[in-house]
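Work through the following exercises with the sequence and the model side by side, and try each task before reading its solution.

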Amino acid sequence: MLHDNVERGRFELQVGGDVVFATYRREPGQLVISHVYAPPVLRGTGAAGRLMEGVAAHARAEGDRIVPLCGYARAWLRGHRTHRDLLA
């Protein structure tokens, strides 16, 4: 389950004993994603994609658009047609 760690400014998804996360800042009507990180053990497992699904669902529920500064976040959003409308 996606956790919004407001104090650290990041969304987190725990997978086993590891955490994949996306750092963000909020702006009016926008969620700016500056970095997505997956520990080496989680790379290639789809964990970052599951994290982004949660981030997209969160943004949609809040009525926010996403500004993906991170290359991974940008590529993920462009690659998922159902979420392209969230791109700011």
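The exercises below deal with a helix, its neighbouring strands, the nonpolar core and one polar contact.

This is a predicted model, in which local features need pLDDT of at least 70 and side-chain atom pairs count only at pLDDT 80 or more, while totals for chains, interfaces and linings use all residues. Residues are numbered from 1 along each chain as its sequence is written, and side-chain values use heavy atoms, with hydrogens and water left out.

**Exercise 1.** Compare the expected span of helix α1 with the distance between its end C-alpha atoms.

*Solution.* Helices (H or I, at least four residues) and strands (E, at least two) are DSSP runs, numbered from the N terminus. The expected span is 1.5 Å times one less than the number of residues. Helix α1 covers residues 47-62, and its 16 residues should therefore span 22 Å, which agrees with the 23 Å between its end C-alpha atoms. After the helix comes G63, with a positive phi near 75°.

**Exercise 2.** Find the buried residues of α1 and the elements against which they pack.

*Solution.* Taking buried as under 20% relative accessible area with a 1.4 Å probe and protein chains only, one obtains A47, A48, G49, L51, M52, G54, V55, A56 and A59. With contact meaning heavy atoms within 4.5 Å, these buried residues pack against β2 (10-15), β3 (18-27), β4 (30-37), β5 (65-68) and α2 (71-79).

**Exercise 3.** Describe how β4 pairs with β3 and with β5.

*Solution.* Strands pair if DSSP finds at least two bridges between them. Seven bridges join β3 to β4 in an antiparallel arrangement, where R25 stands opposite V32; two residues separate the strands of this hairpin, in which G29 has a positive phi near 75°. Between β4 and β5, which run parallel, there are four bridges, and L31 stands opposite I66.

**Exercise 4.** Identify the residues with the most contacts inside the largest nonpolar core.

*Solution.* Such a core is a set of buried Ala, Val, Leu, Ile, Met, Phe, Trp, Tyr and Cys residues joined through side-chain atoms within 4.5 Å. The largest has 24 residues, and V20, L31, I33, V36, L51, V55 and I66 have the most contacts inside it. Its largest share, seven residues, comes from α1.

**Exercise 5.** Locate T23 and give the length of the polar contact between its side chain and that of S34.

*Solution.* T23 lies in strand β3. The side chains of T23 and S34 are joined by a polar contact of 2.8 Å, a term for a pair of N or O atoms within 3.5 Å where, within protein, one must be able to donate a hydrogen and the other to accept it, and where residues adjacent in sequence count only if both atoms are side-chain atoms.

Technical notes
Buried means under 20% relative accessible area, exposed over 50%, partly exposed in between (1.4 Å probe, protein chains only).
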